[in-house]
Amino acid sequence: MPKTAPTPWTRRHLLGIEALSAQEIKALLDAADRFFPFCTGRRRAPRLLEDRTVLNLFCEDSTRTRTSFTLAAERLGARVLQFHAATSSLNKRESLADTVRNIDAMGVDAIVLRHPERGAPERVAQAVGCSVLNAGDDAHEHPTQALLDLLALRRRLGRLEGLTLALVGDVRHSRVARSNLFAHTKLGNRVIFVGPPVFTQDLDVAVETATDLDAVLPQCDAVMMLRVQFERHESLAFDTDAYVRGYQLTPARLARAKPGALVLHPGPVNRGIEMTDEVADGPQSVILFQATCGVAVRMAALALCIAALDRERAPARAKAGKGKRR
Ligand code: NCD
């Protein structure tokens, strides 16, 4: 059962992949595997988070990540509050630190944060006593997305070793690409960022890059297509037609990859830009399976972080002569 499984996980926060060891990544994936049978809700999950409260604080748009964290927490028995940034006192210029300190003072067990500023989850973690899980900060990290990508790969390929992956497209603006790069590097896999120079030149991370997708594909066990993040381009010179000619994943292009190579995309997909419908909906696509895996990964992340929080709180409670929990 998830409750008793041995784990080296001791962190109350999940802020990024870069700080994790390969062993911690595997511990999260193993826990996600144990939650997988319960993740669609068709089988009742153990109520590990009964009487707990999780707050989703999203300061950027989200479909999959917010829904997935909500379902994961609810399936473990937690209550979930949705914080609506657009109608909150953030609009009255209250600082993020003051906002989260006040929420923490009301008693929540975890804050799931998506924020447009790099490092916002670390700053919130320093300000509060509860767990903080990063649901995406600027183009920096999106740890649960990388973990769900790893889980989908491991379950579909049967292994996570000796892999070559192409991460294709707008890697410059992609927190998904960075978190995946950190994870696969720790696991010993080869990651190649592929895209036009406007996306692949002068990056803030050390990574193998390529501009010729057709030349890279024959080496690939999996191809992760990334959304062109038009909203983050500002003055970037970007030619959509040239991009489609050079980088759109079509059935003919995919045929160049290793037989059975998997196609991933974190969503939302710009259909007709990153890939054609035949590829997005084809037999090698695991896009919807990624969404399923996301719930299992977030069940694991919430359960492990809140268990670590309890262990941190336990000595303080014992000292104060209080019972279990707060
Ligand atoms: C991604 C994100 O928000 O970082 N989506 C997601 O969480 N599934 C990728 C994107 O927006 O392109």
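Helices (H or I, at least four residues) and strands (E, at least two) are taken here as DSSP runs, numbered from the N terminus. In these terms, and in a model that is predicted, proline 268 is placed in the loop that joins strand S9 (262-264) to helix H11 (277-280). The peptide bond that leads from glycine 267 to proline 268 is cis, with an omega near -5°.

Both of these residues also belong to the surroundings of the ligand, which comprise Arg64, Thr65, Arg114, His142, Gln145, Arg175, Val176, Arg227, Gln229, Pro266, Gly267 and Pro268. When this shell is sorted by residue class, three of its members are nonpolar, five are polar and four are charged. Among the polar contacts, a backbone N or O atom of glycine 267 lies 2.9 Å from a nitrogen atom of the ligand, while a polar side-chain atom of glutamine 145 is found 3.3 Å from a ligand nitrogen atom. The side chain of arginine 175, in turn, places an N or O atom 2.7 Å from an oxygen atom of the ligand. Of the 320 Å² of accessible area that the ligand has on its own, the protein covers 92%.

The ligand takes up the space of the second largest pocket, and the elements that contribute two or more residues to the shell around the ligand are helix H2 (64-75) and helix H6 (175-187). Because residues of the shell come both from domain 1 (22-141 + 294-311) and from domain 2 (143-289), the ligand lies between these two domains.

A further backbone feature concerns aspartate 138, which is located in the loop between strand S4 (131-137) and helix H5 (143-157). Although aspartate 138 is not a glycine, its phi is positive, with a value of about 45°.

Note on methods:
Residues numbered from 1 in each chain as written. Predicted model: local features only at pLDDT ≥ 70, side-chain atom pairs only at ≥ 80, totals over all residues. Heavy atoms only, no water. Near = heavy atom within 4 Å. Polar contact = N/O pair within 3.5 Å; in protein donor to acceptor, adjacent residues only side chain to side chain. Areas by Shrake-Rupley, 256 points an atom, 1.4 Å probe, with all protein chains shown as cover. 1 Å grid on protein atoms, 1.4 Å probe; cavity = no way out; pocket = protein on both sides within 12 Å on 5 of 7 lines; lining within 4 Å. Sits in = over half its atoms within 2 Å of the grid points. Nonpolar A, V, L, I, M, F, W, Y, C, P; charged D, E, K, R; others polar. Domains from an automatic or database assignment.
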